[in-house]
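Colleague: Could you take me through this structure step by step? I would like to start with the overall picture and then turn to single residues.

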Amino acid sequence: MSHSADELTIVRISVSTLPKIVGRGWIMFIRTRPLSVSFSMIFALIGVAILASIMRASYAPFIFPVSAGFMLLGPCLLGGFFAIADKISAGGTCSAADIRHGFSRTNSGISLIALLCTILFVAWVINAAYQYGSIIGRVPEPIFNLIAPSANVMAFLMWSFVFGALLAFCVFAVSAFSVPLLYYRRARFLRAVVLSVTAVCRNFIPCVLWSALLTVSIVVSILIFPLFLVAFPVLAYASHSLYREVFPS
């Protein structure tokens with residue numbers, strides 16, 4: 001069942017689509033493993049540096065909101081993976097030049113979404129820091145304290161989970177399909193955003209589950225460094241496949 005919107009069609013998908021796109025993401029990762037891992041290493045090292053600073057300051061519970069906040073920046077990093085996926089799908093072999101080509105397709109619409117995501121990420125971190133100080137205070141919380149967290153730590157983590165999930169889903173609704181629509185020049189900024197939100201609303205349950213899977217996978221993989229080098233590209237390629245399912249060419 002689908003809905004026509006001028007030259008574009010929004011296709012309704014089911015929950016059963018999600019395992020399929022993850023499978024395609026995994027296959028694409030296997031076919032491009034050296035390049036995908038090398039590209040992901042850039043973001044992984046930045047994440048490790050941030051988390052190491054948090055742990056060194058003994059603010060271990062703050063790791064979770066910062067990790068979840070990465071979801072706000074994720075859509076801005078997909079251009080390189082889209083270029084790799086397109087090259088492999090066309091039967092070619094990919095290289096670092098394809099990643100540069102992917103980012104060279106960034107236009108004003110994608111830049112605006114990237115700016116919005118960055119502002120939201122900074123606002124999220126500042127707000128999380130304020131809540132951390134309000135709920136936990138300046139009491140040091142080493143990483144091993146998370147094995148049996150105190151009531152204050154649990155309250156902070158619950159607040160982070162609920163508020164972070166709502167914020168991440170709002171960003172997901174705006175950017176999940178608008179970024180690829182802009183990347184492939186299929187719509188201008190406002191129309192791309194409207195189409196993205198419409199597509200998420202019409203596929204609400206699958207999109208909620210997909211957003212939750214993205215968040216949990218990213219948080220867990222950031223905490224387990226080697227896993228990020230696999231999870232991030234697999235999810236990026238799966239997101240590309242999801243776009244192709246909802247907005248077929």
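Modeller: The conversation below goes from the whole chain to one helix and then to some single residues. Please keep in mind that this is a predicted model.

Colleague: Understood. How many helices and strands does the chain have?

Modeller: The chain contains 11 helices and two strands. Read from the N terminus, the order of the elements is β-β-α-α-α-α-α-α-α-α-α-α-α.

Colleague: And how compact is the chain?

Modeller: Its radius of gyration is 19 Å, close to the 18 Å that the globule rule gives for 249 residues, so the chain is as compact as a globular protein of that length. Along the principal axes, the C-alpha trace spans about 55 × 35 × 35 Å.

Colleague: What share of the residues counts as buried?

Modeller: Of the 249 residues, 47% count as buried. The chain exposes about 12000 Å², and carbon and sulfur atoms supply 71% of that area.

Colleague: What about contacts between residues that are 24 or more positions apart?

Modeller: Such pairs account for 78% of the contacts in the chain with a separation of 6 or more.

Colleague: How many positive and negative charges are there?

Modeller: There are 16 positive and 6 negative charges, and the mean positions of the two groups are 3 Å apart.

Colleague: Let us turn to helix α4. Why is it described as largely enclosed?

Modeller: Helix α4 covers residues 79-89, and eight of its 11 residues are buried, so the rest of the structure largely encloses it. The buried ones are Gly79, Gly80, Phe81, Phe82, Ala83, Ile84, Ala85 and Ile88.

Colleague: Which elements do those buried residues pack against?

Modeller: They pack against α1 (17-31), α2 (33-56), α5 (96-104), α8 (178-183) and α11 (228-246). Just after α4, glycine 91 has a positive phi of about 90°.

Colleague: Which residue that is not a glycine has a positive phi?

Modeller: Arginine 185 does, with a phi of about 55°. Arginine 185 lies in the loop between α8 and α9 (189-202), and its relative accessible area of 46% makes it partly exposed.

Colleague: Back to α1, then. Where does tryptophan 26 sit, and what does it touch?

Modeller: Tryptophan 26 belongs to helix α1. Apart from its neighbours within four places in sequence, tryptophan 26 is in contact with Val230 and Val234. Its relative accessible area is 44%, so tryptophan 26 is partly exposed.

Colleague: How far apart are tryptophan 26 and alanine 123?

Modeller: They are 97 residues apart in sequence and 33 Å apart in space, C-alpha to C-alpha. Glycine 23, in helix α1, gives another pair to consider: glycine 23 and tyrosine 237 are 214 residues apart in sequence and 9.7 Å apart in space, again C-alpha to C-alpha. Glycine 23 is partly exposed, with a relative accessible area of 29%.

Colleague: A new topic: how many disulfides does the structure hold?

Modeller: The structure holds zero disulfides. Cysteine 201, for instance, is in no disulfide, and the nearest cysteine sulfur, that of cysteine 207, is 8.8 Å away. The cut-off for a disulfide is a pair of cysteine sulfur atoms within 2.5 Å.

Colleague: Is cysteine 201 buried or exposed?

Modeller: Cysteine 201 counts as exposed, at 53% relative accessibility. Cysteine 94 is partly exposed, with a relative accessible area of 21%.

Note on methods: Residues numbered from 1 in each chain as written. Predicted model: local features only at pLDDT ≥ 70, side-chain atom pairs only at ≥ 80, totals over all residues. Heavy atoms only, no water. Helix = DSSP H or I, 4+ residues; strand = E, 2+ residues; numbered from the N terminus. Rg over C-alpha atoms; globule rule 2.2 N^0.38 Å. Buried < 20%, exposed > 50% of the residue type's maximum accessible area, 1.4 Å probe, protein only. Contact = heavy atoms within 4.5 Å. Areas by Shrake-Rupley, 256 points an atom, 1.4 Å probe, with all protein chains shown as cover. Lys, Arg positive; Asp, Glu negative; His and termini not counted. Charge placed at Lys NZ, Arg CZ, Asp CG, Glu CD.
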